[in-house]
Amino acid sequence: MKFTHAITGLKKIIKKLSFTVLVFAAVMFGQNRGNPLAFQGMDTQLSHSVRASGMGEAFTAVGGDINALYYNPAGLASLNGLQIQISAKNQSRSWWENQIYRPNRLFFTLPFYLEGLYIPDPANNGRWDYEVFFEGLLDTAYIVSLPDTGLENFSKDAADWVKEVNSTGIHTAAVAVPFQLFGKKFTFAGSVSPNVLIYDYDRNKTYLDPHISYIEYNMPEKLSGTDTLRMNWYDFERYREGALLTLNTGLGVELFPWLSLGLGFEYTSGESDDSQVMDKIGYFDLFHENQFMYSYDTLRTEYTGMSEFLSFKSFAGFLLNLERLSVGLNVRLPYTLKRDFAYDLSITDTIGTQLSSVKGSDDVKIPAGFDLGFSLKPTDRILVTLDYSLVPYHNAVWNYDPAMNPNPREWVKQSSIRFGAEVNALSWMTFRGGYNVTSQVFVPDGAAVVHKGPERIIWSLGTTFSAGKLGWIDVACELNTLKYYDQYFSNTNYVTDTSTRWMIGYGIKF
């Protein structure tokens with residue numbers, strides 16, 4: 001008898017674990033707003049430089065400044081005197097999403113459920129929708145609410161959910177030391193950024209498996225009315241929060257008064273607290289055109305734990321200095337980004353909860369990219385800059401651990417165009433402005449252009465207050481907005497990601 005119970009219990013555990021593997025094996029083929037934990041949050045990091053931030057980060061062709069360390073180490077070569085700089089930052093970020101389901105030509109009442117306009121009674125589990133509907137005509141049990149209208153689709157008021165985070169702290173400390181060697185001007189610079197934040201959030205309250213209205217996600221053929229197809233409905237949520245330690249070093253040399261070269265290195269390590277939940281709401285048994293039944297169900301699969309990240313980047317740059325025009329090129333050499341993860345996995349259903357652990361490693365080999373920049377000084381008091389960057393992430397080589405990512409969704413190339421301007425209005429005050437358009441590394445579902453992601457728009461303003469030999473204070477503000485939508489036959493998901501970043505820094509030159 002004990003042996004029989006043991007075998008039965010083992011079968012239940014295997015069944016649960018097998019189901020979990022199947023669920024997360026489908027995640028990468030599930031809605032784009034529902035990819036499993038990997039390297040999310042590592043592609044959008046805060047600018048290291050207050051001055052460059054105020055200029056839209058268009059800084060590749062700017063020399064004679066310690067901030068060239070982060071954008072083109074060749075710009076360090078023309079630095080005059082020892083420089084020290086320290087900065088702090090505040091960042092508030094918000095995500096929200098508005099999923100709008102609409103009737104389609106096959107199941108025109110099913111969107112009532114997914115849109116939340118109709119809340120089914122558990123007593124009707126396993127009953128045909130049309131049966132409950134006809135009964136509702138008699139006793140009002142089938143009540144469909146009117147949708148909200150008149151709200152802008154991307155607005156926070158129309159959102160199904162909102163997530164907000166805020167952080168403040170010391171950001172960067174840097175020092176640059178010029179020296180002479182072999183009759184040439186050299187500058188060595190180094191910095192430490194102890195708290196480069198990682199944030200990522202994703203929510204999909206109507207994760208469907210299979211998705212009956214999108215061909216990339218195992219959309220089944222049109223049902224013939226001879227058998228039912230089960231479509232599971234989940235609430236998916238993923239959250240990551242952590243910090244990175246970043247160490248930057250750079251060396252610039254002035255070969256000629258008009259030409260400088262530089263090398264730069266960046267070491268990054270850190271960890272994040274991760275959470276990923278797939279909470280089953282119920283399932284639909286689909287039969288034929290607008291014939292289906294709905295049932296509530298229980299199955300919660302939750303991963304909680306940590307990820308550790310590690311990378312070592314290197315850069316090579318040159319800076320051509322003409323009388324009023326400078327041209328800079330910064331080559332981002334290939335590097336590898338690694339992630340080690342350790343999660344606790346809990347699977348809960350009506351029987352109970354099973355606990356286990358999941359450990360593994362991912363890495364991605366990032367190919368070489370570049371930043372090309374121009375800076376123009378029409379007068380001694382005005383500086384105008386322009387940068388273009390490209391990183392071909394579509395050529396990256398991914399090595400995912402199948403424990404979390406059996407079928408990874410790879411990134412696409414990322415490009416950026418950045419504009420900046422600086423006006424030395426007074427001897428003690430400088431004003432700055434910038435505009436930055438950067439494409440994302442993912443492509444929304446249903447997008448017409450499949451080789452480029454949506455664009456993040458950043459407007460920035462900055463200023464410097466100079467106190468002569470006592471140093472200077474830099475202030476910058478960035479307004480950052482990303483909007484896009486995932487589009488399916490059945491619904492459209494309007495997604496917004498916004499942030500406001502304030503940075504303040506103090507610098508002094510000896």
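Colleague: Which residue follows α4, and what is the sign of its phi?

Modeller: α4 is followed by Thr-140, and the phi of Thr-140 is positive, near 60 degrees. This is a predicted model: local features need pLDDT of at least 70, side-chain atom pairs count only at pLDDT 80 or more, and totals for chains, interfaces and linings use all residues. Residues are numbered from 1 along each chain as its sequence is written, and side-chain values use heavy atoms, with hydrogens and water left out.

Colleague: Why is α4 called a helix?

Modeller: A helix is a DSSP run of H or I with at least four residues, a strand is a run of E with at least two, and both are numbered from the N terminus. Helix α4 covers residues 129-139, so it meets the definition. The protein chain has four helices and 19 strands.

Colleague: Which residues of α4 are buried, and what makes them a single side?

Modeller: Asp-129, Val-132 and Gly-136 are buried, that is, under 20% relative accessible area (exposed is over 50%, partly exposed in between; 1.4 Å probe, protein chains only). They span an arc of only 65 degrees around the axis, so they lie on the same side of α4. The arc is that of the directions from the helix axis to the C-beta atoms.

Colleague: What covers that side, and which residues does the opposite face carry?

Modeller: The cover of the buried residues includes α3 (110-114), β2 (127-128) and β7 (291-296). Phe-134, Leu-137 and Leu-138 are exposed, on the face turned away from the buried side.

Colleague: Why is Leu-390 not called buried or exposed?

Modeller: Its relative accessibility is 21%, and Leu-390 therefore counts as partly exposed. Leu-390 is part of strand β13 (residues 382-391).

Colleague: What is Leu-390 in contact with, beyond its neighbours in sequence?

Modeller: Contact means heavy atoms within 4.5 Å. With neighbours within four places in sequence left aside, Leu-390 touches Gly-369, Phe-370, Lys-413, Gln-414 and Ser-415. Phe-292 is 98 residues from Leu-390 along the chain, with 49 Å between their C-alpha atoms.

Colleague: How do you know that β8 and β9 pair?

Modeller: Two strands pair if DSSP finds at least two bridges between them. β8 (residues 300-321) and β9 (residues 325-332) have seven, in the antiparallel sense, so they count as paired. One bridge partner in β9 is Leu-329, opposite Phe-318, and a hairpin of three residues joins the two strands.

Colleague: What else does β9 pair with?

Modeller: β9 pairs with β12 (residues 369-379) over eight bridges, also antiparallel. Arg-332 has Gly-369 as its bridge partner in β12.

Colleague: Which strands does β3 (residues 161-181) pair with?

Modeller: β3 is joined to β1 (residues 83-101) by 15 bridges, with the strands antiparallel, and Thr-172 in β3 is the partner of Ser-87. Nine antiparallel bridges join β3 to β4 (residues 184-209), with Ala-189 in β4 the partner of Ala-176. The hairpin of β3 and β4 has two residues between the strands, and Phe-182 there takes a positive phi near 55 degrees.

Colleague: How many residues of the protein chain count as buried, and what share of contacts join residues at least 24 apart?

Modeller: 52% of the 510 residues count as buried. Among contacts between residues at least 6 apart in sequence, 73% join residues at least 24 apart. The C-alpha trace spans about 90 × 60 × 35 Å along its principal axes.
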